[in-house]
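Here's a quick tour of one helix pair and a few cysteines. Take a look at the model first.

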Amino acid sequence: MTYIAKPQFHHPELPRNALGFTRRDYEGRVSTLCAGCGHDSISAAIVQAAFELDLEPHRLAKLSGIGCSSKTPDYFLGASHGFNTVHGRMPSVLTGANLANRDLIYLGVSGDGDSASIGLGQFAHAIRRGVNMAYIVENNGVYGLTKGQFSATADAGSKSKRGIVNHDNPIDMVSLALQLGASYVGRGFSGDKSQLTPLIKGAILHKGAAFIDVISPCVAFNNHPGSTKSFDYVREHNEAVNRLDVILGRTPIHADYEPGTVAEVTQHDGSVLKLRKLAADYDASDRNRAMAYLQERQSAGEIVTGLLYVDPDSSDLHDHLHTAATPLNRLGDAELTPGSGALDAINASLR
Amino acid sequence: MPGPLTATNDFVVKFANVNGSGSASANSLFARSILRMGVPVAARNIFPSNIQGLPTWYEVRVCEEGWLGRRGGVDLMVAMNPQTWDRDVAEIEPGGYLFYDSTRPIPESRFRGDVTVLGVPLTRLTNAAYSDPRQRQLFKNIIYVGALAFLLRIDTVEIERLLAEQFESKPKLIPANVEALKMGWDWARENLQPLGLQVRRADKVGDRIFVEGNYAAALGAVYGGATVCAWYPITPSTSLAEAFTEHCQALRLDADGQANFAIVQAEDEIASIGMVVGAGWNGARAFTCTSGPGVSLMQEFIGLSYFAEIPAVIFDVQRGGPSTGMPTRTQQSDILLAAYASHGDTKHPLLLPMDPAECFEMGAAAFDLADRLQSTVFVMLDLDIGMNDWLTEPFRWDDARRLDRGKVMTAGMLEAGADFGRYKDVDGDGIPFRTYPGTHPSKGAYFTRGTSRDPYARYSEEGAVYQANMLRLLKKFHTARDLVPAPVTRAAAAPTPLGVIYYGSTTPAMDEALAELAGDGVHIDAMRVRAFPFPDSVYEFIAAHGRVFVVEQNRDAQLRTLLINEGEIDPSRLTAVLHFEGAPITARFIIDRISALLAAPEREAAE
């Protein structure tokens with residue numbers, strides 16, 4: 001619970017990253033979610049990703065909406081500014097924050113209720129604008145905080161804990177993100193941290209709108225037989241197309257893979273995304289084929305995971321707006337206020 | 001039957017046009033030419049929510065005395081729209097003038113015997129001179145300006161100068177326009193006599209400028225340091241965002257041509273205010289501009305801004321409500337919506353500019369206030385101020401003025417050991433310190449939320465903690481009383497038990513009404529309220545008068561309600577004078593209404 005102080009002590013020989021931080025330095029408060037919640041595993045993956053990327057915690061801002069998933073930014077990166085906004089509206093707040101200071105890293109955390117129902121519009125528009133962010137949806141197919149109603153990502157035919165069958169068609173956020181122009185799209189599973197952590201690292205390093213759909217079973221309301229978002233169901237139907245390794249620019253790259261089984265993508269910042277192919281014919285650089293592949297596997301009842309699409313030459317909203325390099329929140333009076341001379345000329349033109 | 005009206009520098013001309021016909025620039029040319037002769041004008045568009053084909057009017061009040069409100073009544077009707085002919089003709093004052101296109105005959109029965117009819121064959125003249133349909137349409141407008149210049153004795157040299165300035169970048173167009181102007185002028189000289197209504201050169205304009213409030217407010221936002229604008233198109237606020245874009249392109253590009261601003265046309269008003277809140281949280285000055293329907297949609301975020309204490313500026317260019325209401329008509333009917341926006345106990349400062357000069361001043365000041373108060377600040381324009389050119393004082397800026405960023409804790413302060421409690425009242429004014437994200441590697445980070453929290457921004461559902469925070473927010477709001485623009489009071493020439501309170505675009509009509517009432521021996525002390533929360537001087541003014549009229553442009557007497565509610569005023573002390581039919585209030589209306597109320601028994605008048 002939040003009023004229980006989290007102990008600060010840790011093993012003296014915990015590994016430290018290039019900045020001298022331990023993994024503990026990237027943690028937040030004690031989680032108030034249910035024991036076994038998939039969301040806590042995602043928080044742990046975010047902590048791990050930030051640690052491995054040697055991020056300065058204060059250079060990242062974490063924003064969320066409302067719901068179980070949106071509570072989680074309190075549970076990781078305690079030295080970062082966080083903002084728990086309003087239901088379904090995190091994307092606009094993140095967009096505004098990003099406009100104000102282009103130098104920070106923006107992590108948006110949301111859920112399927114927050115982003116696929118009330119916030120579907122804002123999700124779509126933030127993606128299509130190419131806001132430079134890592135947008136993670138912790139997708140469990142239900143409303144947890146209000147006790148188990150279906151969300152808009154629940155599959156048609158799936159059954160609620162109380163036995164009610166959902167007849168509405170699901171919204172697939174990965175397909176939407178691809179269609180809307182997201183330049184980095186992945187899907188992970190909270191039960192597979194080794195797959196998820198590099199997906200998050202790649203998203204954080206990516207320039208532009210990076211989106212990760214993480215299937216994250218709700219142990220309290222959506223982990224029963226008949227659910228298509230339960231741990232068992234997802235494990236049985238998980239079809240990973242690739243395994244990602246994120247290699248920072250400064251790390252030497254070892255080539256120890258079979259030829260033809262690895263694709264390398266170099267991002268703007270010099271980081272390399274190394275994709276080991278699991279599905280032989282899957283090409284993560286082809287948006288149209290990725291969309292078709294997803295539809296096809298989805299019809300077959302499979303949940304496709306991995307790094308599904310990446311555009312290494314992506315641009316972001318600031319590129320489109322031609323914003324100056326200095327963050328807008330650092331501009332002073334001299335840059336902002338044109339002065340009385342300019343005003344005299346304007347007055348003269350209005351007489 | 002009265003003879004033809006005679007007046008010099010004191011009359012009203014109304015143009016009845018079809019929208020989309022290019023009349024707006026010709027009509028504006030007409031108004032500006034009179035200004036160039038040193039005679040004040042007040043010009044107002046009355047237009048439909050439509051792009052082409054519906055009726056639109058442009059009303060020009062020529063007034064050497066300087067009254068800039070609508071007068072009411074029409075002395076010269078320029079009737080260019082057959083659809084509205086009958087009502088346009090009916091509107092002319094007895095003895096007035098009717099100017100029309102006489103190319104096609106109009107039956108005798110559709111004229112009036114008590115007005116002077118001036119037929120000019122505009123279509124015939126235009127068709128004879130031009131073959132291109134668009135040219136015919138545009139030059140027809142210039143031809144009638146030329147004919148009117150002869151009839152009213154407007155100096156065509158001034159019009160030619162204005163044309164030269166207007167087409168400075170397309171000089172080829174200047175001779176063609178001047179030719180059309182002369183065509184109208186020559187035809188009128190050969191066939192008509194100058195009217196009893198005359199423009200005579202004067203020196204009453206001074207250094208004033210002629211400009212829209214939206215343009216002015218947007219310029220104020222530039223000078224106030226706004227860098228982020230997120231908006232969604234809605235009449236009558238759209239031109240504010242467009243003006244901000246133009247101003248920024250002219251004034252805010254850096255040496256490399258990169259933008260020291262970011263403007264996003266959002267997907268709706270909710271996203272607009274969301275972006276503003278995000279930018280404000282992150283230390284940039286941000287605003288949105290909208291109208292009543294947009295403010296309705298923004299309610300949830302405004303509450304977040306209030307409770308999480310995030311600066312935001314909203315320009316609300318008010319229009320006729322409720323619902324879609326009268327989108328192209330003016331009202332002051334969002335006062336309560338803005339003052340108490342969002343669920344729970346909330347209050348927000350409102351700035352109430354009276355004209356474009358104050359739109360500029362308050363447009364800039366709003367950003368200092370929002371940063372200082374860490375809350376949403378509304379600038380309440382209306383369609384009349386926002387979308388009409390007003391003759392107004394020139395914009396002024398003191399180069400010694402510095403932007404006030406409010407209480408922002410820096411890395412240096414944190415390093416020096418300052419105790420940072422995001423919601424801690426350290427100075428007794430209810431205003432806490434904030435940090436921008438990314439300030440310091442290990443100090444000053446906090447979690448922002450719309451839920452209850454303690455002074456150190458930790459989540460708390462404890463009753464005492466919640467209540468202390470809510471009371472601090474109230475204290476902060478009281479602090480705002482001394483920060484917002486003070487009311488402007490004008491004492492009557494003689495001691496009087498009567499007072500009047502008014503605000504915003506009612507001001508020019510009020511000025512004129514007060515002068516005329518004083519001329520008739522009715523003395524009223526006047527107070528123009530410029531902001532909410534109200535300082536004590538407002539309540540003192542009410543207490544000092546036996547009867548106070550509150551003049552405003554809405555049905556429900558919203559400012560009066562706010563005064564009663566916030567000052568615990570006995571409602572019977574405040575008499576509402578309300579104008580809400582959508583056209584701007586007139587001095588005639590105020591005079592008639594106040595005179596009737598003073599003549600009526602007290603009991604009836606109090607209702």
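## How the two helices cross

In this predicted model, α7(B) and α8(B) lie oblique to each other, that is, outside the bands for roughly parallel (under 35 degrees), roughly antiparallel (over 145) and roughly perpendicular (65 to 115). Their axes, lines fitted to C-alpha atoms over the stretch in contact, with angles from 0 to 180 degrees between N-to-C directions, come within 8 Å and cross at roughly 45°. Here α7(B) covers residues 213–223 and α8(B) residues 238–251; helices are DSSP runs of H or I with at least four residues, numbered from the N terminus.

On the contact side (heavy atoms within 4.5 Å), α7(B) brings residues including Y215(B), L219(B) and V222(B), while α8(B) offers, among them, L240(B), F244(B) and L251(B). The contact residues split into eleven nonpolar, three polar and no charged.

## How enclosed is α7(B)?

Ten of the eleven residues of α7(B) are buried (under 20% relative accessible area, 1.4 Å probe, protein chains only), so the rest of the structure largely encloses this helix. After α7(B) comes G225(B), with a positive phi near 90°.

## Cysteines

There are zero disulfides (cysteine sulfur pairs within 2.5 Å) over all chains. C229(B) is buried at 0% relative accessibility, but its sulfur sits 5.2 Å from the closest cysteine sulfur, in C289(B), too far for a bond. For C68(A), the closest is in C37(A), at 6.5 Å, also too far.

## Ground rules

Residues are numbered from 1 along each chain as written, with chains lettered from A and ligands numbered from 1 in written order. Local features need pLDDT of at least 70 and side-chain atom pairs 80 or more, while totals for chains, interfaces and linings use all residues, and side-chain values use heavy atoms, without hydrogens and water.

Note on methods: Helix = DSSP H or I, 4+ residues; strand = E, 2+ residues; numbered from the N terminus. Nonpolar A, V, L, I, M, F, W, Y, C, P; charged D, E, K, R; others polar. Buried < 20%, exposed > 50% of the residue type's maximum accessible area, 1.4 Å probe, protein only.
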